Amino acid sequence: MEAFSQFALIFTIALLVISILGVTVFGFKNIFQRKHKIGQIAFFFIPVAVFAIAYLVTGMMGIAAINTLLIMISLMFLGILVSGSRSLISNF
């Protein structure tokens, strides 16, 4: 059973690496073909920047990942709150 778990983990990591490479290659292809703006694509690197800062502060990957998750959830909540408040105020 342990061998199966290791195989499944290696297979999952390989699929993850392949998908990240695919997204990166096709993302650059779309940027060069001017289908997307660089600002829109840079928006998706916010979690990477948050993780890098959290890792530099804590020095541990696991803690940095959890802190990144909590910070991104907080930013999402704040964005929903601000967006809802703007639409509520504009209706008056």
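The following paragraphs lead through the structure from its overall form to its individual residues.

The model is a predicted one. The protein contains 4 helices and 0 strands, and its elements, read from the N terminus, follow the order α-α-α-α. Its radius of gyration is 19 Å, whereas a compact globule of 92 residues would have a value near 12 Å. Along the principal axes, the C-alpha atoms occupy a box of roughly 65 × 40 × 30 Å. Of the 92 residues, 8% count as buried. The accessible surface amounts to about 8,100 Å², and carbon and sulfur atoms account for 79% of that area.

The chain begins its helical course with helix H1, which covers residues 2-32 and holds both Phe28 and Phe32. These two residues are 4 positions apart, about one turn of the helix. The structure holds 4 aromatic pairs. In one of them, the ring centres of Phe28 and Phe32 lie 6.4 Å apart with an angle of 20° between the planes, so this pair is stacked. Planes under 30 degrees apart count as stacked. With a relative accessible area of 47%, Phe28 is partly exposed. Phe32 counts as exposed because its relative accessibility is 66%, and the threshold for that class is over 50%.

A second stacked pair is formed by Phe51 and Tyr55, with 6.3 Å from centre to centre and 15° between the planes. Both residues belong to helix H3, residues 46-58, and they too are 4 residues apart, about one turn of the helix. Phe51 is partly exposed at a relative accessible area of 27%; Tyr55 is likewise partly exposed, at 34%.

Between H1 and helix H2 (38-42) runs a loop that contains Arg34. The phi angle of Arg34 is near 60°, a positive value in a residue other than glycine. Most residues other than glycine have a negative phi. Arg34 has a relative accessibility of 75% and therefore counts as exposed.

Helix H4 spans residues 61-90, and two of its residues illustrate different surroundings. Thr68 is found in this helix and counts as buried because its relative accessibility is 9%, with the limit for burial set at under 20%. Which residues does Thr68 touch, not counting those up to four places away in sequence? The contacts are Pro47, Val50, Phe51 and Ala54. Among these, Phe51 is the residue that pairs with Tyr55, and Phe51 lies in helix H3. Thr68 of helix H4 thus touches a member of that stacked pair.

Leu81 is also located in helix H4. Its relative accessible area is 46%, so Leu81 is partly exposed. Leu81 contributes to a nonpolar surface patch of about 910 Å². The patch is made by Phe43, Phe44, Ile46, Ile71, Leu75, Phe77, Leu78, Leu81 and Val82. Which helix supplies the largest share of the nonpolar patch? Helix H4 does, with 6 residues. Ile46, another member of the patch, falls within the range of helix H3, residues 46-58.

Note on methods. Residues are numbered from 1 along each chain as its sequence is written. This is a predicted model: local features need pLDDT of at least 70, side-chain atom pairs count only at pLDDT 80 or more; totals for chains, interfaces and linings use all residues. Side-chain values use heavy atoms; hydrogens and water are left out. Patches are made of residues with over 30% relative accessible area and no salt bridge: like charges are joined within 9 Å, nonpolar side chains (Val, Leu, Ile, Met, Phe, Trp, Tyr) within 5 Å. Accessible areas come from the Shrake-Rupley method with a 1.4 Å probe; for residues, only the protein chains shown count as cover. A salt bridge is a side-chain nitrogen of Lys or Arg within 4 Å of a carboxyl oxygen of Asp or Glu. Buried means under 20% relative accessible area, exposed over 50%, partly exposed in between (1.4 Å probe, protein chains only). Contact means heavy atoms within 4.5 Å. Rings of Phe, Tyr and Trp (its six-membered ring) pair if their centres lie within 6.5 Å; planes under 30 degrees apart count as stacked, over 60 as edge-to-face and the rest as tilted. The radius of gyration is taken over C-alpha atoms; the globule rule is 2.2 Å times the number of residues to the power 0.38.
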